[in-house]
Amino acid sequence: MRENAAPPVDPRPPATTAHQGDGHGDVRAAARHPLSLRLAGAAVHAYTALGSVLALLVVLAALEGEAVTALWLGLAALWIDGTDGMLARRARVKETIPWFDGALLDNIVDYLTYVFAPVVLLWTTGALTHDWRGWVLAALPLLASSYQFCRVDAKTDDHTFLGFPSYWNVVAFYVVVLDLPQPVVAAALVVFSVLVFVPVRYLYPSRTEALWPVSMGLTVVWLVTYAVLLLQYPDPHPVVVALSFAYVVYYLAFSGWLTARAAHRRRRAARSA
């Protein structure tokens, strides 16, 4: 593919290479694209940034004791995060706005919506004890995810997540909807925080190519069960809960297969080297 081809070598020393580091070449290249496409790219970045506002609203709802409202807002944030990448690729934002780091924006917003706001929700709902032990448990996801979000290999070349992908919003969802007891919550926070550092590959639903139609279809079903469980709160129907957890089982099982496949490929490459 064209974007993977090695660029020609410039024989000139770095100090004399044209437009190096000044961004003017990128600006001129972006200006060649239609204004409508550049505006579409800007709109996509604004759409992504909207997640930060939703994170604030989740925190405010949590502080007001409106846990269900916070989870509805979390669902909206999930939808934005699940669709903005596709829109960014369609708008060709790397070409139309090359000086703007959309990946960095996405990480900032994801940390707020997937990590910080859910931990606040866990605290305000009483899922954590309001003493030093609760503070320690609340700190675990924040610190572990801070590490993960700064790893350059957190997203692999074959579009998987390396290490538990900081789905603390999903953890908070099940804690609230199923009214899980504090010991279970504590165990979950410890286990998943440790799994951030374990090099297991996890499904990236919107990007992992293997079984993409199946994964996306099941992800949509899970989002529907998320909404239904909120509508049924505080009395979730067992069938809906089972359907919701069926996706979790699929996600973990498929992630295990992705990890095994990657290990097999590494062994095969080592043998052929």
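**Close-ups: aromatic pairs and an arginine patch**

**View A. Y114, a buried tyrosine.** Y114 has a relative accessible area of 7%, so this residue counts as buried. Keep in mind that what you're looking at is a predicted model. Y114 sits in helix 5, which spans residues 102–124.

**View B. Y114 meets Y167 in a tilted aromatic pair.** The ring centres are 6.1 Å apart, with 35° between the planes. That angle is what makes the pair tilted, because stacked needs planes under 30 degrees apart and edge-to-face needs over 60. Y167 comes from the loop between strand 1 (160–162) and helix 7 (168–177), so the contact with Y114 ties together parts that are 53 residues apart in sequence. Like its partner, Y167 is buried, here with a relative accessible area of 17%. The pair is one of 23 aromatic pairs in the structure.

**View C. W222 and Y226 pair up edge-to-face.** This time the centres are 5.6 Å apart and the planes make an angle of 70°. Both residues belong to helix 9 (residues 212–232), and they're four residues apart there, so about one helical turn separates W222 from Y226. W222 and Y226 are both buried.

**View D. Arginines gather in a patch of positive charge on the surface.** The patch is made up of R265, R266, R267, R268 and R271. R271 is found in helix 10, which covers residues 238–272. With a relative accessible area of 60%, R271 is exposed, whereas Y114 back in View A is buried at 7%.

Notes: Residues numbered from 1 in each chain as written. Predicted model: local features only at pLDDT ≥ 70, side-chain atom pairs only at ≥ 80, totals over all residues. Heavy atoms only, no water. Phe/Tyr/Trp six-rings, centres within 6.5 Å; stacked < 30°, edge-to-face > 60°. Helix = DSSP H or I, 4+ residues; strand = E, 2+ residues; numbered from the N terminus. Buried < 20%, exposed > 50% of the residue type's maximum accessible area, 1.4 Å probe, protein only. Patch = residues over 30% accessible without salt bridge, like charges linked within 9 Å, V, L, I, M, F, W, Y side chains within 5 Å. Areas by Shrake-Rupley, 256 points an atom, 1.4 Å probe, with all protein chains shown as cover. Salt bridge = Lys/Arg side-chain N within 4 Å of Asp/Glu carboxyl O. Lys, Arg positive; Asp, Glu negative; His and termini not counted. Charge placed at Lys NZ, Arg CZ, Asp CG, Glu CD.
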